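Here is a set of short exercises for you to try. Have a go at each task before you read the solution below it.

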Amino acid sequence: MRVFPSDPSFAVSEADHAACRAAIRAGSKSFFAASMLLPAKVRRPAYGLYAFCRLSDDAVDEAGGDRAAALARLERRLALAQAGRPENHPADRALADVLAAHAIPEALPRALLEGLAWDTQGRRYATLSELSAYGARVAGAVGAMMSLVMGVRESAALARACDLGVAMQFTNIARDVGEDARAGRLYLPLDWLDEAGIDPAAFLAEPQATPALRNIVARLLAAAELLYARSEPGIAMLPLACRPAIRAARLIYGEIGREVEANGLDSVSRRARVPGARKAALLARAALPSAAAAEPLAAALPETAYLVEAVQRHPAPLAAPGLPPWWDFSGQAVRVLDLIEALEERDAFRRSAPS
């Protein structure tokens with residue numbers, strides 16, 4: 001049991017951790033199975049982070065027309081958890097424990113709430129930079145928090161984790177153009193649409209995979225590939241126990257982009273999926289020692305720099321959690337497949353929610 005120094009009346013218990021674990025097991029069997037590939041000292045805080053994400057999604061989804069009020073309540077709960085005075089709920093206490101134990105600054109989980117608010121507002125993005133700012137919140141912040149949970153706080157590693165998150169979000173958007181449009185959502189940069197002569201309102205009314213739209217999808221995949229390449233050196237900065245899983249996610253998400261290309265860049269009438277046999281081959285590749293990576297780039301993306309800076313301004317934990325010496329790949333590889341499917345399912349659920 002961890003007692004919070006700022007308020008000894010609050011403590012996170014084994015029952016709280018068990019409640020988060022049970023909620024995940026019931027709410028997302030794929031995520032629960034995938035979590036088993038992580039080292040135990042990473043798995044538990046990952047449950048706490050997931051519980052916060054789940055709580056946020058559910059609270060906004062169940063708020064009906066009063067989503068602004070629901071978001072405001074979530075912001076208050078996050079502030080209390082950050083201060084070590086969580087509300088009387090297992091997920092709040094578990095989140096407070098994760099934030100304290102791994103010295104996660106409030107800017108990171110708050111970024112998730114901001115991205116959620118942008119989704120509920122139906123925000124559109126004028127430029128690739130604005131879209132990157134969205135990706136920083138809904139995906140880059142998650143990468144940064146997971147790095148901290150793994151005990152890695154170096155600026156270069158955090159910047160690369162954010163790169164990977166934004167790249168994966170770009171891949172999601174490129175793959176889901178049709179699904180988003182049919183739900184009334186549009187994530188493609190508006191200046192790209194304008195250059196291509198595509199009217200956003202007309203496209204949403206009747207989405208079609210025209211040659212002009214296919215060129216835009218290709219541009220977004222190219223932007224994602226640049227970020228995947230930037231992220232690669234950061235994987236080598238992670239503990240050995242965590243590298244295969246993260247590299248597998250990077251490889252399989254990159255392959256989704258290649259499947260989009262194989263579909264003729266038609267993300268309107270078709271949804272790209274990576275065949276199981278190809279996923280298995282990529283998993284095997286992820287388990288092998290990788291070639292020496294180039295030196296990590298020093299600078300973060302302008303859109304993610306504030307996340308990295310927030311970590312550097314925040315005091316580090318007294319001792320970083322230790323991890324097992326290596327990751328047992330055999331017998332666990334299939335769970336990485338579940339992880340990828342869980343990420344896709346969560347993204348599809350978020351996008352399908354009415355704005």
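**Exercise 1. A pair in one helix**

Where do Glu-255 and Arg-258 lie, and how many residues apart are they?

*Solution.*
Step 1: Both residues belong to helix 13, with their positions 3 residues apart, about one turn of the helix. Helices (H or I, at least four residues) and strands (E, at least two) are DSSP runs, numbered from the N terminus.
Step 2: Their side chains meet in a salt bridge at 2.9 Å, N to O. A salt bridge is a side-chain nitrogen of Lys or Arg within 4 Å of a carboxyl oxygen of Asp or Glu.
Step 3: Glu-255 has 8% relative accessibility, so it counts as buried. Arg-258, at 36%, counts as partly exposed. Buried means under 20% relative accessible area, exposed over 50%, and partly exposed in between (1.4 Å probe, protein chains only).

A note before you go on: this is a predicted model, where local features need pLDDT of at least 70 and side-chain atom pairs count only at pLDDT 80 or more, while totals for chains, interfaces and linings use all residues. Residues are numbered from 1 along each chain as its sequence is written, and side-chain values use heavy atoms, with hydrogens and water left out.

**Exercise 2. The chain as a whole**

Describe the chain: how many helices and strands does it have, and what share of its residues is buried?

*Solution.*
Step 1: Count the elements, and you find 16 helices and 2 strands.
Step 2: Of the 355 residues, 53% count as buried.
Step 3: Turn to contacts, meaning heavy atoms within 4.5 Å. Among those in the chain with a separation of 6 or more, 76% come from residues 24 or more positions apart.
Step 4: Check the confidence with pLDDT, the predictor's confidence in each residue, from 0 to 100. The chain averages 83, and 80% of the residues score at least 70. Over residues 3–9 the pLDDT is below 50, and this stretch has 17 contacts in the model beyond near neighbours in sequence. Residues 324–340 also have a pLDDT below 50, with 33 contacts in the model beyond near neighbours in sequence.

**Exercise 3. More salt bridges**

How many salt bridges does the structure hold? Follow two of them to their places in the chain.

*Solution.*
Step 1: The total is 17 salt bridges.
Step 2: Start with Arg-160 and Asp-163, whose closest N and O atoms are 2.8 Å apart in a salt bridge. The two are 3 residues apart in helix 8 (residues 155–175), so about one helical turn separates them. Arg-160 and Asp-163 are both buried.
Step 3: Now take Glu-179 and Arg-271, which form a salt bridge with closest N and O atoms 2.8 Å apart. Glu-179 lies in helix 9 (residues 177–182) and Arg-271 in the loop between helix 13 and helix 14, so this pair ties together parts that are 92 residues apart in sequence.
Step 4: Glu-179 is partly exposed, with a relative accessible area of 33%. Arg-271 is partly exposed too, with a value of 22%.
Step 5: Widen the view: Arg-175, Asp-176, Glu-179 and Arg-271 are linked in a network of salt bridges.

**Exercise 4. A serine in a loop**

Is Ser-267 buried or exposed, and which residues does it contact?

*Solution.*
Step 1: Find Ser-267 in the loop between helix 13 (243–262) and helix 14 (276–287).
Step 2: Its relative accessibility is 4%, so Ser-267 counts as buried.
Step 3: Leaving aside neighbours within four places in sequence, Ser-267 is in contact with Ala-174, Arg-175, Asp-176, Val-177, Gly-178, Val-217 and Val-260.
Step 4: Look at Ala-174 in particular: its backbone oxygen lies 2.6 Å from a polar atom of the Ser-267 side chain.

**Exercise 5. Positive phi**

Which value does phi take at Ala-103, and which at Leu-265?

*Solution.*
Step 1: Recall that most residues other than glycine have a negative phi.
Step 2: Ala-103, not a glycine, has a positive phi of about 50°. Ala-103 sits in the loop between helix 5 (90–101) and helix 6 (107–120) and, at 5% relative accessibility, counts as buried.
Step 3: Leu-265 has a positive phi near 65°. Leu-265 lies in the loop between helix 13 and helix 14 and counts as buried at 18% relative accessibility.

How values were computed
Polar contact = N/O pair within 3.5 Å; in protein donor to acceptor, adjacent residues only side chain to side chain.
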